[in-house]
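Hi everyone, thanks for coming. Today I'd like to walk you through one structure, so please have a look at it while I talk.

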Amino acid sequence: MFNMRLQSEMMAVIRNKMVRRAAATTRHIPVILVIMISLQNAAAQDGSKPASILINIEQPLTAGLGYEITCRAVDGETPPDIFWWLGDRKLHNSIERTLVTEDGNETVSILLLTPSPDDNGQTLKCQAKGARGVQEKSVELLVHYPPIVALYMDRPPRPDGIREWDNITLKCYTQSNPPTWSVKWMLQGHPLKEITSSGPLNHEYSLRLNDINRTQAGNYTCIVSNAIGDTESSPLRVTVKYRPVCRLQHPMVYAVALGDDVELDCAADAVPPATSYHWMFSQSMMDAGPYIWHLRGPSGEMISYVEWASGVSWRNHQPTKDTEYGTFFCTAKNTIGEQLDPCVFHVVPPGLPDAPSNCSVLNETTDSFAVQCSNSTDLGFRQSYQLEVFDVKSGNLMFNKTQKSPVFLVDDIEPNQDITMRIAAISPRGRSGWTRMNIFRVP
């Protein structure tokens, strides 16, 4: 008889659930798995009909979604009161109604529950208090949730911050259910590295940055994924301290007439910002290369120079005579150190370099020849040279080459082919006019 009543009650629960799901307007999701216990011991004491308590729940649950969890309690004498507990915490977000059935007084309580990740593994308990005493039914919650992510730096290399060429390690810690299967590292929103696996990954992931440089500074994040979703960590700002570096990676050339002003700006990138600037001037316009800190020219000769100690990043210069044309060097300094490679500014008179001179044709054969001009400089600047070779009859360009040496080898020439050529000098001031030459071959 009891089994028949149990079967009837379960069918009633299912029918009631189907009707409520069809008519519900709440955003909570009704759950349908039925678990029931029978209070047979309490019933046996007074010979009345057995009482029962049921919990309807479907697992796993997903964190952040709303669920309706139903508890039904039957008592043969008076309608029982139902209370909900989650762990040690009493819940109050429930709706109750009382029914009179052939089995006795029945109370139905619907708990509106939105689980959080912290609820995973917690015990949900339905407690019924009636004439027969207190009876309860409990179930352990299985809550799925997207990864919870924290990003931090493992043991900074020095107390005053990260310096260029230090080694650092970033660690991404994650907690998730179900387990993580992908971790992606990002810098300024651009992917750096991705770790994927067909099985569960660990809870902690490391990104090792050896000899870090200033280009690797910025906001780092890690994106962790599981079957529920993706979570990106809060950004971790990595600041790299470094000595000043010239913002312009090549020398600047200013053509200035006598009496005119030019403003030279020693723009240097540095973290922390530069606090002082050092200026030097040399009348030589030749690239000093590695000898610059020894104040020597390319051949090792000493360079006459003027030196200024200045707290500003710029200075005005007004050449009033030819000896005031030359090259300025500027270095900046901050708390990390002094700039290694200076900013270079050439101040030159207006005009273009002279056209190549003393050009001649050498070593002429049926299919090749060489062209040689005098090697010179433009106000001390090293020059390069450009040669263009054309076919006289068609006007087609046959050869075009730019190089540092004024000696060119031209080959793959057709026998008896008439040639016209032009060659120019190129310096930081620009390109000179063309020096022209012709080769006419007699059949």
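Let me begin with a term. A strand here is a DSSP run of E with at least two residues, and strands are numbered from the N terminus. With that in hand, we can place our first residue: T169 lies in strand β14. One thing to keep in mind throughout is that this is a predicted model.

Let's stay with T169 for a moment. Is T169 buried or exposed? The cut-off for buried is under 20% relative accessible area. T169 has a relative accessible area of 12%, so T169 counts as buried. Its side chain makes a polar contact with the side chain of R208, at 2.9 Å. If we leave aside neighbours within four places in sequence, T169 is in contact with Y152, M153, D154, S206, L207 and R208.

Now, where do those partners sit? To see that, we look at the sheet. β14 belongs to an open sheet of four strands, in the order β4-β12-β14-β17, and the pairing is mixed. On the edges are β4, residues 61-62, and β17, residues 204-209, each of which pairs on one side only. As a general reminder, strands of a sheet pair through backbone hydrogen bonds, either parallel or antiparallel. In our case, β12 (residues 143-154) and β14 (residues 168-177) run antiparallel, and eight bridges join them. One example you can find on screen is I148, whose bridge partner in β14 is Q175.

There is another pair of strands I'd like you to find, further along the chain. Strand β35, residues 419-427, pairs with β37 in the antiparallel sense, over five bridges. There, I423 stands opposite T435 of β37. Which residues of β37 form the covered face, and which the uncovered one? In this strand, residues 435-439, the covered face has T435, M437 and I439, while R436 and N438 make up the uncovered face.

Let's zoom out. The chain holds two helices and 37 strands. Of its 443 residues, 42% count as buried. The accessible surface comes to about 23,900 Å², and 50% of that belongs to carbon and sulfur atoms. If you take the contacts with a separation of 6 or more, residues 24 or more positions apart account for 65% of them.

Next, the disulfides. How many are there? The count comes to five. Counting bonded cysteines along the chain, the pattern is 1-2, 3-4, 5-8, 6-7, 9-10. I'll show you three of them.

One joins C71 to C126, with 1.8 Å from S to S. The angle about the S-S bond is -80°, and the link is left-handed. C71 lies in strand β5 (residues 67-75) and C126 in strand β10 (residues 123-130), so this pair ties together parts that are 55 residues apart in sequence. Both cysteines, C71 and C126, are buried.

Another joins C172 to C222, at 2.0 Å from S to S. This link is right-handed, with 75° about the S-S bond. It links distant parts of the chain, with C172 in our strand β14 and C222 in strand β18 (residues 218-225), 50 residues apart. C172 and C222 are buried as well.

The last one I'll show joins C266 to C330, with an S to S distance of 2.1 Å. Its torsion about the S-S bond is about -95°, so this disulfide is left-handed. C266 sits in the loop between β23 (262-265) and β24 (268-271), C330 is in strand β28 (residues 326-333), and the two are 64 residues apart. Once more, C266 and C330 are buried.

Finally, let's look inside. In soluble globular proteins, nonpolar side chains tend to be buried together. The largest nonpolar core here has 22 residues, and I69, W84, L124 and L141 have the most contacts inside it. At least two residues each come from β3 (51-56), β5, β6 (81-86), β9 (104-113), β10 and β12. The largest share, four residues, comes from β5. A second, separate core of 19 residues includes W185, I212, Y220 and V238.

Before we stop, please find W84. What does W84 touch, not counting residues up to four places away in sequence? Its partners include I69, L111 and L124, and also C71 and C126, the two cysteines of the 1.8 Å disulfide we met earlier. Thanks for listening, everyone!

Definitions and conventions. Residues are numbered from 1 along each chain as its sequence is written. This is a predicted model: local features need pLDDT of at least 70, side-chain atom pairs count only at pLDDT 80 or more; totals for chains, interfaces and linings use all residues. Side-chain values use heavy atoms; hydrogens and water are left out. Two strands pair if DSSP finds at least two bridges between them. Buried means under 20% relative accessible area, exposed over 50%, partly exposed in between (1.4 Å probe, protein chains only). A disulfide is a pair of cysteine sulfur atoms within 2.5 Å. Contact means heavy atoms within 4.5 Å. Accessible areas come from the Shrake-Rupley method with a 1.4 Å probe; for residues, only the protein chains shown count as cover. A polar contact is a pair of N or O atoms within 3.5 Å; within protein, one must be able to donate a hydrogen and the other to accept it, and residues adjacent in sequence count only if both atoms are side-chain atoms. A nonpolar core is a set of buried Ala, Val, Leu, Ile, Met, Phe, Trp, Tyr and Cys residues joined through side-chain atoms within 4.5 Å.
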